[in-house]
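Q: Hi! I'm new to this one and would love a quick tour. Can we look at it together?

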Amino acid sequence: KFAENFESFASIKKIFTLSDKTKIHCIVTRDNVVVIGCSDGSLITFDSRTYKETNKYTNPSEKSILSLVVVNKFFWAGTEDGLIIVIDENANFIRKFNAHVSFVKTLVCVKHNNISLSVWSGSPTERSIKCWNIKNFTSKVIAENKHVVNCMTQHLGTMWVGGSGKIYLYDIETLACKGTWRAHDSTLTSMFSFKSQIWTGTASGVINVWNDDGNTLSQVAELNIHTAKVM
């Protein structure tokens, strides 16, 4: 929804013009830099103070950018053709590597107990999750051919993963699955962690709110406020 609003705002302010067939898939910010990922494979950087485009990098295959995450001073982008592309704040190409067979739908920068960082990537088609070392770009497979991975969010020491109605909880240190349950009647499409709560959205428009203080986990609300997919 934020991407749709940004696209409308950009049109009003004449920040940039997209072709009729090009859509905004994801947006992230760091300091005064805004990066958007588009369906034509482009990564476009903007200065949030001037609303001006500063640079652009395009995936050579022109396959869609599906996910974005900020990792220190860099931006990691997941693509439709299974790549992770790393750029800097000026959209300068840093590197790219094969992450999944296809559809890097979700990326999360994970903060560990020792303050180090890693990046988790998920692919719904490959049905796998990988944990990436941000220094040497090697990975560990967390879940392979186990379940659909549509969305993820870190909450305390746990990664919440949304699949086809089920939620899976993974320990971010041991990478082990701690548990799973059917949380929704339709596919999970989005997740957000805020304080002690996790909000989970679905393809049917239902949002569930969960409370997890590290000791107990419970559902505290079910919101039927949308009639379409919650992104």
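Q: Which residues lie on the two sides of β7, and are they buried or exposed?
A: Leu83, Ile85 and Ile87 sit on one side of β7, with Ile84 and Val86 on the other, and all of them are buried. Keep in mind that this is a predicted model.

Q: And how many residues of β7 are buried?
A: Five of five, so to speak: β7 covers residues 83–87 and is mostly covered.

Q: OK, what does β7 pair with on the β6 side, and how many bridges are there?
A: Strand β6, residues 74–79, runs antiparallel to β7, and four bridges join them. Within that pairing, tryptophan 76 has valine 86 of β7 as its bridge partner.

Q: What happens in the hairpin between β6 and β7?
A: Three residues lie between the two strands, and glycine 82 takes a positive phi near 85° there.

Q: What about β7 and β8, how many bridges join those?
A: Five bridges, again with the strands antiparallel; β8 spans residues 93–98. Valine 86 turns up here too, standing opposite arginine 95 in β8.

Q: Which residue in the turn of that hairpin has a positive phi?
A: That's alanine 91, at about 65°, in a hairpin with five residues between β7 and β8.

Q: Changing topic: where is asparagine 150?
A: Asparagine 150 is in the loop between β12 (139–144) and β13 (151–155).

Q: Why does asparagine 150 count as buried?
A: Because its relative accessibility is 13%, and buried means under 20%.

Q: What does the side chain of asparagine 150 reach?
A: The side chain reaches the backbone oxygen of leucine 188, at 3.3 Å.

Q: Which other residues does asparagine 150 touch?
A: Leaving out residues up to four places away in sequence, asparagine 150 touches Lys105, Thr106, Pro124, Gly162, Gly163, Ser164 and Thr187, as well as Leu188.

Q: One more topic. What is the order of the strands in the open sheet of four?
A: The order is β1-β2-β3-β4, and the pairing is antiparallel. At the edges are β1 (24–30) and β4 (52–58), each of which pairs on one side only. From one strand to the next, the twist averages 20°.

Q: How many bridges join β2 to β3?
A: Five bridges join β2 (residues 33–38) to β3 (residues 42–47), and the two run antiparallel. One pair to look for is valine 33 with its bridge partner in β3, aspartate 47.

Key:
Residues numbered from 1 in each chain as written. Predicted model: local features only at pLDDT ≥ 70, side-chain atom pairs only at ≥ 80, totals over all residues. Heavy atoms only, no water. Buried < 20%, exposed > 50% of the residue type's maximum accessible area, 1.4 Å probe, protein only. Pairing = 2+ DSSP bridges. Polar contact = N/O pair within 3.5 Å; in protein donor to acceptor, adjacent residues only side chain to side chain. Contact = heavy atoms within 4.5 Å. Axes fitted to C-alpha atoms, helices over the stretch in contact; angles between N-to-C directions.
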